[in-house]
Amino acid sequence: YPCGGVRIEVPRIQAKLLEETAENLKIKMKFSKGYVKTHCFCSAGEVISYKSNGNLLIGGRSNSDQSSSFTNVAILYKCIDNDLKHEALLSLRAISKLYPHNTFFESIASFVGKKQERLKVIPLSSSIPYEIGKLFPDEISSALKTFILNLEKEKYIDLTGGIVHAPCSEWTTPKIITSFVGETTHNLFYVGDGSGRTQGIVAAAIMGQRAARAILEREQKNGR
């Protein structure tokens with residue numbers, strides 16, 4: 001559990017500044033036992049659920065045709081304190097054991113302690129209503145709420161009617177050891193976003209390029 005948290009979703013028009021400031025804006029805020037960051041900004045995208053290392057998690061994606069009227073972004077807490085990291089991992093495992101087939105949702109207003117309001121976003125069919133703050137240790141829950149409120153304070157996003165989806169995590173699978181060109185064993189290459197050596201679209205593309213060059217050079221040496 002190097003990094004975990006939630007994914008917030010709002011109507012696209014309410015995240016206009018986030019979208020216009022940068023294609024995948026990275027914002028960080030430091031706290032006593034770690035930091036919170038934005039991750040995987042999906043403009044005009046959709047929230048999805050997926051299975052990773054035995055846990056049902058929340059993710060996001062954007063379609064090339066930008067057809068969705070909603071925008072979502074992950075808000076993740078990066079633990080630098082080992083005790084807190086261990087506590088967070090135990091919490092994730094416990095909730096996955098209790099609800100192996102469900103993710104969770106809550107209105108953003110309820111999550112951050114504001115007055116309840118009508119939702120503008122439809123939850124996933126696999127999601128059940130839950131007090132999401134209870135999914136995390138108090139330190140992490142408090143930091144996530146503070147960060148989200150600051151996004152609104154700085155006018156990056158209008159939280160009205162939005163939803164918090166959970167749990168969201170990063171790097172839950174064991175790291176794959178590869179060579180410089182992404183090779184694990186002879187002629188088996190493991191490249192791309194989150195492949196163990198890299199994170200992010202640009203770095204993933206570079207890893208793919210390294211692997212392609214290595215394969216091409218090997219084929220040329222063999223006279224193919």
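Buried means under 20% relative accessible area, exposed means over 50%, and partly exposed is whatever falls in between. Keep that handy for the exercises below, which all work on a predicted model.

**Exercise 1. Classify Tyr130, Tyr99 and Phe104 by relative accessibility.**

Start with Tyr130: its relative accessibility is 26%, so it counts as partly exposed. Next comes Tyr99 at 28%, and that value makes it partly exposed too. Phe104 has a relative accessible area of 1%, so this one is buried.

**Exercise 2. Work out the geometry of the ring pairs Tyr99–Tyr130 and Phe104–Tyr130.**

Step one is to know what to look at: a pair of aromatic rings is described by the distance of the centres and the angle of the planes. Rings pair if their centres lie within 6.5 Å; planes over 60 degrees apart are edge-to-face, under 30 stacked, and the rest tilted. The model has three aromatic pairs by that rule.

Now Tyr99 and Tyr130: the centres sit 6.0 Å apart with the planes at 75°, so call it edge-to-face. In sequence these partners are 31 residues apart, with Tyr99 in the loop between H2 and S7 and Tyr130 in the loop between strand S8 (127–129) and H4.

Then Phe104 and Tyr130: with centres 4.8 Å apart and planes at 50°, the pair is tilted. Phe104 belongs to strand S7 and Tyr130 to the loop between S8 and H4, so this pair ties together parts 26 residues apart in sequence. Put together, Tyr99, Phe104 and Tyr130 make one aromatic cluster.

**Exercise 3. Check the length of helix H2 (residues 82–98), then find its buried and exposed sides.**

Length first. H2 has 17 residues, and at 1.5 Å a residue the expected span is 24 Å; first to last C-alpha, it reaches 25 Å, which is close.

Next, list the buried residues: Leu84, Ala88, Leu92, Ile95 and Ser96. Looking down the axis of H2, these fall within an arc of 105°, so they line one face of the helix. On the other side, Asn82, Asp83, His86, Arg93, Lys97 and Leu98 are exposed.

What do the buried residues pack against? Their partners are strands S5 (55–62), S6 (70–79), S7 (103–107) and S9 (163–170), plus helix H4 (138–153).

Finally, look at the N-terminal end of H2: Asp81 caps it, with a side-chain oxygen 3.2 Å from the backbone nitrogen of Asp83.

**Exercise 4. Repeat the check for helix H5 (residues 201–221).**

The 21 residues of H5 should span 30 Å at 1.5 Å a residue, and the end C-alpha atoms are 30 Å apart, so the two agree. Buried here are Ala204, Met207, Ala211 and Ala214. They cover an arc of only 90° around the axis, which puts them on the same side of H5. The face turned away carries exposed Ile201, Val202, Arg213 and Gln220. Packing is against strand S11 (188–189). Just after H5, Gly223 has a positive phi of about 75°.

**Exercise 5. Describe the largest nonpolar core and place Ile148 in it.**

The core has 35 residues, and those with the most contacts inside it are Val6, Ile8, Ile75, Ile132, Leu144 and Ile148. Elements giving two or more residues include strand S1 (3–11), strand S3 (34–42) and helix H3 (108–112). H4 gives the most, with six residues.

Now zoom in on Ile148. Leaving out neighbours within four places in sequence, it is in contact with Val6, Ile8, Ile75, Ile108, Phe111, Val112 and Leu159.

Terms used: Residues numbered from 1 in each chain as written. Predicted model: local features only at pLDDT ≥ 70, side-chain atom pairs only at ≥ 80, totals over all residues. Heavy atoms only, no water. Helix = DSSP H or I, 4+ residues; strand = E, 2+ residues; numbered from the N terminus. Expected span 1.5 Å × (residues − 1). Buried < 20%, exposed > 50% of the residue type's maximum accessible area, 1.4 Å probe, protein only. Arc of directions from axis to C-beta. Contact = heavy atoms within 4.5 Å. Polar contact = N/O pair within 3.5 Å; in protein donor to acceptor, adjacent residues only side chain to side chain. Core = buried A, V, L, I, M, F, W, Y, C linked by side-chain atoms within 4.5 Å.
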